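These are my notes from a session with one structure. I went through it entry by entry and wrote down what I looked up.

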Amino acid sequence: MKTPLRLAVLGPLLALTTAAYAAVAPVAPPAPPTLPFTKATVIKGAQFFADHCSACHAVSNLRYNRLATDLGMTKTEIQKTIMLPGGSSYLKGMKPAMTQAQAKKWLGLPPPNLSHMARALGPRFLYTYLTSFYWDPKRPSGWNNHVFPNVAMPNILAPWGGIVTKTGRVLVPGRESPAAYHRQVAEVVAFLRYASDPSVFERRALGRYVIGVFVILSILAYLLKKDYWRDVWADKARSPKAETVSPGAPPMDGSDSPHTSSWKTSTTTSADTGPRSGP
């Protein structure tokens, strides 16, 4: 087959293949908003998580009282806005409203504990996962996910972010603007990031003092080194490199020193003026 004929046959096929792939290709999620990881952000994320996520998910390794210690919340505020499941204890971990038996009966398996999910998967993955749901009528829950295909979790954020198809076409718009919706998702991710490392704010507060101590110790070590080597170089300057000769001993090179000359002179004089024996 000649080249023009090949192009005439394969060209349309390639165009149709490209169009078909573009129709089913996952839509890239938007970049996460620039949102500082602050205590206020974590508190907003914790309140949203308690309202809409704690029905199924537990954060058992994070005790409620840590929110007061790390974030500055009062016990009353925590009890009203975050300790929503019945039977929650202020000194115990965050429990879900759904029991293990109910989760096994309704979902087949209990939803995962999210205590260390941000540390295991990373905040970026969690943000992308939460913003990658699309409507899929073939799934039992009616939802699917671009980064986690065939996931069992439904899109609980649909009322705020809207319902979209796999290609990104909006079926039902959300009650919030895209910017507000993605900021809200980022706040939930910030809370999960804090839950996986509750000492992060305390560690940051102490870090500046630790660095300050190391800076002071470095300055003192430099001044001590400078003072020590100043004495070393001064001693070297006062002690030239020369061989030490004992008084009265002849020099190593065979020449006469003043002490050697006087010693020879006194010896000669004593030999000439001393008493002589014999006739």
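Entry 1, Glu202. I noted first that this is a predicted model. I looked up the exposure of Glu202 and got a relative accessible area of 45%. Glu202 is therefore partly exposed, as the value lies between the 20% limit for buried and the 50% limit for exposed. I located Glu202 in helix H10, which covers residues 200-238. I then checked Glu202 against Leu71, which is 131 residues away along the chain. The two C-alpha atoms are separated by 9.7 Å.

Entry 2, overall counts. I counted secondary structure next and found 11 helices and six strands. The protein has 279 residues, and 28% of them count as buried. For the surface I got about 18,900 Å² exposed, with carbon and sulfur atoms supplying 63% of it. I also looked at contacts between residues at least 6 apart in sequence. Of these contacts, 61% join residues at least 24 apart.

Entry 3, the largest pocket. A note to self on the approach: rolling a probe the size of a water molecule over the atoms shows where empty space is left. For the largest pocket I recorded about 740 Å³ of space. Its lining comprises 27 residues. Which of them lie nearest the centre of the pocket? I listed His57, Pro111, Pro112, Tyr129 and Met153.

I then asked which helices each supply at least two residues of this lining. They are H2 (39-52), H6 (117-121), H7 (123-130) and H9 (178-196). H7 gives the most, with four residues. By residue class, I sorted the lining into 25 nonpolar and two polar residues, and found no charged residue in it.

Entry 4, His182. I placed His182 in helix H9, one of the helices that contribute to the pocket lining. Is His182 buried or exposed? Its relative accessibility is 16%, so it counts as buried, the limit being under 20%. I also noted the spacing between His182 and Leu130. They are 52 residues apart in sequence, and 9.5 Å separates them in space, C-alpha to C-alpha.

Entry 5, cysteines. How many disulfides does a search of the whole structure find? I got zero. I checked Cys53 and found it in no disulfide, the nearest cysteine sulfur being that of Cys56 at 8.8 Å. A disulfide needs the two sulfur atoms within 2.5 Å, so this pair does not qualify. For Cys56 the nearest cysteine sulfur is that of Cys53, and Cys56 is in no disulfide either. On exposure, Cys53 has 11% relative accessibility and so counts as buried. Cys56 has 33% and so counts as partly exposed.

Entry 6, Ser88. I found Ser88 in the loop between helix H4 (75-81) and strand E2 (93-94). Although it sits in a loop, Ser88 counts as buried because its relative accessibility is 17%, under the 20% limit. I then looked for its contacts, leaving aside neighbours within four places in sequence. Ser88 is in contact with Tyr64, Met83 and Lys95.

Entry 7, the loop between E4 and H8. I looked at Asn150, which is found between strand E4 (143-145) and helix H8 (158-161). The phi of Asn150 is near 60°, a positive value in a residue other than glycine. I kept the general rule beside it: most residues other than glycine have a negative phi. The relative accessible area of Asn150 is 49%, so it counts as partly exposed, the limit for exposed being over 50%.

I also looked up Ala152, which is in the loop between E4 and H8. Ala152 has 64% relative accessibility and so counts as exposed. Its C-alpha is 6.9 Å from that of Ser141, and the two residues are 11 apart in sequence.

Notes:
Residues are numbered from 1 along each chain as its sequence is written. This is a predicted model: local features need pLDDT of at least 70, side-chain atom pairs count only at pLDDT 80 or more; totals for chains, interfaces and linings use all residues. Side-chain values use heavy atoms; hydrogens and water are left out. On a 1 Å grid over the protein atoms alone, a cavity is a set of points where a 1.4 Å probe fits but cannot get out, and a pocket is an open set with protein on both sides within 12 Å along at least five of seven lines; lining residues have an atom within 4 Å of a point. Grid points are joined across faces, edges and corners, and a volume is the space filled by probe spheres set on the points. Ala, Val, Leu, Ile, Met, Phe, Trp, Tyr, Cys and Pro count as nonpolar, Asp, Glu, Lys and Arg as charged, and the others, Gly among them, as polar. Buried means under 20% relative accessible area, exposed over 50%, partly exposed in between (1.4 Å probe, protein chains only). Contact means heavy atoms within 4.5 Å. Accessible areas come from the Shrake-Rupley method with a 1.4 Å probe; for residues, only the protein chains shown count as cover.
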